[in-house]
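Here is a friendly walk through this structure for someone meeting it for the first time. Each numbered point takes up one topic, so please keep the viewer open as you read.

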Amino acid sequence: MEFIPGFHLFLGQNAQGKTNLLEAVYLLSTLRSFRGAGHAQMVRQGQEGFFAGGTVVEQGNHEVKFYWSSRKKSLGLDGRPVRKLSEYFGLIQAVVFCTEDLQLIKGAASVRRRFLDLLLAQTQPGYLALLQRFARAVRARNALLKQPRPDAPSLEGFTREMLASGGQVMQCRRDLMPQLAPLAVDAYQRIAPDAEALRLEYQPSVKADFEVELAQSRQRERVLRSTLVGPHRDELRLLLNDRSAAQYGSEGQKRTLAIALKMAQAEYLTRRRGAPPILLIDDVMGELDARRRGGFLPLLEQARHARGQVFMTCTEENWPRELSRDLIRWEVKTGTVKPGAANPAR
Ligand SMILES: Nc1ncnc2c1ncn2[C@@H]1O[C@H](COP(=O)(O)OP(=O)(O)OP(=O)(O)O)[C@@H](O)[C@H]1O
Ligand SMILES: [Mg+2]
């Protein structure tokens with residue numbers, strides 16, 4: 001399929017393949033599903049693997065091919081295998097809005113860390129490699145701690161590596177906050193004017209000195225046999241009127257907040273690159289009331305003006321009629337996509 005710049009609307013009844021299509025675009029962007037599905041789950045039942053491919057038309061064309069099966073994985077860029085993920089990341093920038101976003105508020109701290117990490121990986125060339133280094137060091141360290149008598153020099157080596165890479169990870173996350181937080185606060189204001197005040201707070205697991213605090217945790221580490229201090233335990237606190245949104249927020253507030261975080265992500269990417277990311281909007285618009293939809297529209301307008309791309313799914317019942325103009329409609333039915341009716345009855 002070929003998608004010109006603009007606003008693409010995928011209409012279809014439930015279980016026809018709309019999300020599937022958005023997932024393919026997101027997969028090429030981040031090599032992951034946004035539904036929280038593992039790679040094995042994305043393989044069509046009865047098949048061995050999956051393939052997703054595309055041509056990115058921006059400054060010069062780039063050809064991307066991603067194949068995955070339990071036995072063989074390959075990612076190709078312009079006919080050559082990609083050896084380092086960090087070299088691929090950032091080529092296709094996408095932000096997804098979907099019902100799973102609610103986990104950003106309700107879910108474990110790891111969901112919020114992943115949100116920060118993805119944004120940093122999308123915008124800072126070295127971040128992904130750094131994060132991978134840190135994760136490897138923690139894993140190796142934890143494996144050692146599980147042994148009855150960990151080899152001291154090895155433990156020391158991985159500890160050094162973890163302190164070095166972990167310190168940088170924390171610094172990157174800390175530096176991101178003053179740029180990201182105001183964007184999220186603004187977005188929240190736009191969707192819910194006159195509502196409670198939003199505050200984002202980076203709460204690192206390390207309070208002052210990583211090395212000292214790690215040393216202080218040694219006793220507990222020995223009992224629990226894993227690394228207890230470090231950026232793998234960081235939290236991004238979300239507060240509405242100074243109270244935890246997860247604990248005190250209403251369902252509507254949580255949903256609004258989740259969208260605001262994603263809008264901030266899109267806005268941040270736009271500023272960093274000077275061009276908007278691909279917006280993938282799955283089932284979200286139809287669920288919003290008119291006021292919240294109103295807060296969302298400027299982002300879509302901005303994407304339109306910058307000749308960006310928006311991919312949005314809706315069922316035939318719930319698609320927002322005020323978006324009628326300039327839409328490119330597609331009809332999704334039993335796994336096939338075809339151009340939709342040009343002028344459907346309003
Ligand atoms: N691994 C798989 N292999 C085969 N079919 C699958 C697989 N995973 C999901 N499906 C099916 O694919 C179909 C399309 O799913 P998809 O989520 O894209 O639908 P949708 O059009 O977004 O529907 P909705 O409006 O309900 O969100 C569903 O019937 C789903 O059960
Ligand atoms: Mg769907």
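1. A word on terms before we start: helices are DSSP runs of H or I with at least four residues, strands are E runs of at least two, and both are numbered from the N terminus. Please also keep in mind that this is a predicted model. With those labels in hand, Leu31 can be placed in the loop between α1 and α2 (39–42).

2. Let us stay with Leu31 for a moment. Its phi is near 65 degrees, a positive value in a residue other than glycine. Is Leu31 buried or exposed? Neither label quite fits: a residue needs 20 or more other C-beta atoms within 10 Å to be buried and 12 or fewer to be exposed, and Leu31 has 17 such neighbours, so it counts as partly exposed.

3. Arg225 makes a good companion case. This residue sits in the loop between α9 (218–224) and β8 (235–240). The phi angle of Arg225 is near 55 degrees, again positive in a residue that is not glycine. Because 15 other C-beta atoms lie within 10 Å, Arg225 is partly exposed.

4. Next, the open sheet. In which order do its 6 strands run? The order is β6-β10-β11-β1-β12-β13, and the pairing is mixed. At the edges are β6 (94–97) and β13 (336–339), each of which pairs on one side only. On average, neighbouring strands of this sheet are turned by 20 degrees against each other, direction ignored.

5. Strand β1 is a handy place to look at the pairing. β1 (residues 6–11) runs parallel to β11 (residues 309–314), and 6 bridges join the two. Within that pair, Phe10 stands opposite Thr313. β1 also runs parallel to β12 (residues 327–333), joined to it by 5 bridges. There, Leu9 faces Arg329 across the pairing.

6. Now move to edge strand β6. Its partner β10 (residues 278–282) runs parallel to it, with 4 bridges between them. One position to find is Val96, whose bridge partner in β10 is Leu280. Helix α1 packs on the sheet and touches β1, β6, β10, β11, β12 and β13, with its direction at about 150 degrees to that of β10. Helix α11 (residues 251–273) packs on the sheet too, touching β6 and β10, and its direction makes about 165 degrees with that of β6.

7. A hairpin comes next. β2 and β3 form it, with 1 residue between them. The two strands, residues 49–58 and residues 60–69, are antiparallel and share 10 bridges. Gly53 stands opposite Lys65 in β3. Why does β2 lie largely in the open? Of its 10 residues, the number buried is 0, so the strand is largely in the open.

8. What about the interior? In soluble globular proteins, nonpolar side chains tend to be buried together. Here the largest nonpolar core has 76 residues, and Ala184, Ala260 and Leu280 have the most contacts inside it. Leaving aside neighbours within four places in sequence, Ala184 is in contact with Leu198, Leu200, Ala260, Leu261 and Ala264.

9. Two helix residues are worth a visit. Gln168 belongs to α7 (residues 152–191), and with 17 C-beta neighbours inside 10 Å it counts as partly exposed. Gln168 and Tyr127 are 41 residues apart in sequence, while their C-alpha atoms are 9.0 Å apart in space. Phe296 is found in α12 (residues 290–305) and counts as buried because it has 22 C-beta neighbours inside 10 Å. Neighbours within four places in sequence aside, Phe296 contacts Ile191, Met285 and Leu288. From Phe296 to Ala164, 132 residues apart along the chain, the C-alpha separation is 41 Å.

10. Last, the ligand. Which residues are closest to ligand 1? They are Asn14, Ala15, Lys18, Thr19 and Asn20, within a shell of 15 residues. By class, that shell holds 3 nonpolar, 9 polar and 3 charged residues. Helix α1 (residues 18–30) gives the largest share of the shell, 3 residues.

Notes
Residues numbered from 1 in each chain as written. Chains lettered and ligands numbered in written order. Predicted model: local features only at pLDDT ≥ 70, side-chain atom pairs only at ≥ 80, totals over all residues. Near = placed C-beta within 6 Å. Nonpolar A, V, L, I, M, F, W, Y, C, P; charged D, E, K, R; others polar. Core = buried A, V, L, I, M, F, W, Y, C linked by C-beta atoms within 7 Å. Contact = placed C-beta atoms within 7 Å. Pairing = 2+ DSSP bridges. Axes fitted to C-alpha atoms, helices over the stretch in contact; angles between N-to-C directions.
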